[in-house]
Amino acid sequence: MANPRPRVGLFVTCLADMFRPEVAFASVKLLELAGFEVEVPERQTCCGQPAFNSGDRKDSAAIAQQTIEAFDGFEYVVGPSGSCIGMLHHYPELFAESDPWHQRALELKSRAFEITSFLALHLDMDKLSSSFSGKVTYHDSCSGLRELGIKKQPRVLLSKLPGVQICEMEEAETCCGFGGTFCVKYPEISNRMVGNKSDNIRATGADTLLAGDLGCLLNMVGKLKREGIEVQARHVVEVLADMVDTPAIGEAKGV
Amino acid sequence: MEVTSQDFKKNAHIALHDAKLQRALGNLKAGFPGKRAAAIARLPEFDALRDQARDLKNHILAHLDLYLEEFENNVTAQGGTVHWCRTAEDARKTILEICRQQDAKTVTKGKSMVTEEIALNEYLEANGVTPVETDLGEYILQLRNDHPSHIVAPAIHLTLEDVAEAFHEHHQRPKSDDPAVLMQEAREMLRKQFVAADVGITGANFLIAETGSTIICTNEGNGDLTQTLPKTHIVVSSIEKVVPTLEDMTLFLRLLARSATGQEFTVYNTLSTGPRRTTDQDGPENFHVVLVDNGRSDMVGTELQEMLRCIRCSACMNHCPVYGAVGGQTYGWVYPGPMGSVLTPQMIGIENAGLLPNASTFCGKCEEVCPVRIPLPKLMRHWRDKEWEKHLTPGAARSGIGIWAFFAKRPALYRWLAQSSNLFLRLVGGKRGRVRKLPLAGGWTDYRDMPAPSGKTFMQQWQERK
């Protein structure tokens, strides 16, 4: 009998792959809960954003072609990052309209979704349950917010978990200062921006910081830890998938 | 003015450690964005107006020659003169020539960023004509031999103490830090200048093609005195400010003040149409419009054309977290913030201004608030593309991206690189789960810890589970 479940290709993202595999496993769990068959195409690497934002269009286009091919045939492409999925949405800009790759890029764009926005559309939210309990504050990552319109979706999903109490921070929509290579090219300015962010996080009294992008999370966690602020941080899918037994980002093991 | 855009990082370092500037920037952040948000909340059709404004600007730019010629014809019909200036140098010479025809000793000036762009004050002074800035902010800056840090609130980088000090030094009056007293002092000083001036120079917020009018939108009324009292009024404007009709102008006026200061309307909106007629009670005898191109027509028909929609409201810089951290003077030339990061490379060369379009996280806030929907991040990326094409990208960044892309284009090698980096970071992170110091990553670890990976890469674990 043919498998009736629609196939999703998971776009793992470099940072989830390298720093926080839990985020990709949580994504798989949630997508399966929503009734999808999840596969992880092996030909995927990075979305190409570091090249794109550095002006290297040739390498960006080559990486885009590789990604388009890797995810050929999937009904959806879903990833745990507004920034990386936002980059997939930029792919059509890399090819002239007369180039057949332009059409393929548009076609990929129409299938590519950030995970919380995808779950908000496809998941029966009554199926969500999590042992997580605590006061959380949510940082809206810029690309997800402004390129993909992700604002309500993670909050709606979290509202289905009785243990989660959301305390919004001031300037939740203000950039944390990560910005990919920006944070190492302009470290002092980036530091000021993430310093403002950690002040706003601390002021909420929340014990957990959640967000939908690991770039921002690594930046904010790094600053919170350096300043000795006792706030734990997780990607939102970890809480949604009830995968909160592992140490939070940047926390010591076995605590 | 001296260009220091190449020193953006050094300027930023100084700005970040300047406590007084940081206080001033805090006031800006606490002021304009909130006022804008409140003003927009009272105008439900704001977003629809933005769409209209974007479309209208696109139409104007597609027919820029037509509308500028119509404008010129109507200025001429009203008895005024239009001067076409391709470069900043042309514009300076033209303005000086008009001043000389009037045998002008002093000229009063309304606030005008285009005259900053063409460095008019320095030029007039060097040629024996004394310019007197009459906008309060600009007046303060002139006393301090300083330059604007913001296109709407030019002295926003200064505090009350700075102003009190400058006035005390130049006005020979008892020092006061009461804003009302300072304002009165400035008024008294400037009144004499308004009456004595031979020529008044203003900018223009818009040029209206159908009537040959120009308009200035101000909050102090100084512009009105600048343009009505002297015998000669010179309007200096860049070419993209033309709009077809008065009706069209009102669309932009509705967007401009709300986006800039959160006002529904600026306090003074003054139209000038030709010189004084016999039936007029006041007004200048001579009316000149100096149209400045200075690289703008080169932008038409390119990706940068969208930048010519800009109406100089300052919303992009008011909301920019980078501008908010370092202030306008860090950008090192006339136009700061996101709009400056797009315009400055066009005007002084990308080789001198490459650090500006790179000084953005592409957070997109500027585009979100732009009243004419300029895709500022996209245009900043355009300059990064140009830098890359011309091999102007700093060597370390270019080779870093090159090496990284070599791996990213080869999935098997990329897996290996990810696994090795993952293992390395786990080893140095140890049981702590994070790293405090990492070789070659000082940009990160000088200020933050680096969280260590929580286990093997996802791809490794996924393979093992299968």
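A nonpolar core is taken here as a set of buried Ala, Val, Leu, Ile, Met, Phe, Trp, Tyr and Cys residues joined through side-chain atoms within 4.5 Å. In this predicted model, the largest such core runs to 112 residues, and the ones with the most contacts inside it are Ile189(A), Met307(B), Val326(B) and Tyr335(B). Helix 12 of chain B, residues 246–260, puts in the largest share of this core, with 7 residues. A second core, separate from that one, has 67 residues, among them Ile115(A), Phe178(A), Leu210(A) and Leu425(B). In soluble globular proteins, nonpolar side chains tend to be buried together.

Back to Tyr335(B) for a moment. Setting aside neighbours within four places in sequence, Tyr335(B) is in contact with Met113(B), Val114(B), Glu117(B), Ile151(B), Arg296(B) and Arg312(B), and also with Gly340(B), Leu343(B), Thr344(B) and Met347(B).

As for chain B as a whole, 24 helices and 12 strands turn up, and the C-alpha atoms fill a box of roughly 90 × 55 × 45 Å along the principal axes. Of the 466 residues in chain B, 59% are buried. Among contacts in chain B with a separation of 6 or more, 72% link residues 24 or more positions apart. The domain assignment splits chain B into domain 1 (1–42 + 314–393), domain 2 (68–155 + 195–297) and domain 3 (396–465); the C-alpha centres of domain 1 and domain 3 of chain B sit 31 Å apart.

On the outside, chain B exposes about 19200 Å², with carbon and sulfur atoms supplying 53% of that area. Chain B carries 54 positive and 55 negative side chains, and 12 Å lies between the centres of the two sets.

Conventions: Residues numbered from 1 in each chain as written. Chains lettered and ligands numbered in written order. Predicted model: local features only at pLDDT ≥ 70, side-chain atom pairs only at ≥ 80, totals over all residues. Heavy atoms only, no water. Helix = DSSP H or I, 4+ residues; strand = E, 2+ residues; numbered from the N terminus. Buried < 20%, exposed > 50% of the residue type's maximum accessible area, 1.4 Å probe, protein only. Contact = heavy atoms within 4.5 Å. Areas by Shrake-Rupley, 256 points an atom, 1.4 Å probe, with all protein chains shown as cover. Lys, Arg positive; Asp, Glu negative; His and termini not counted. Charge placed at Lys NZ, Arg CZ, Asp CG, Glu CD. Domains from an automatic or database assignment.
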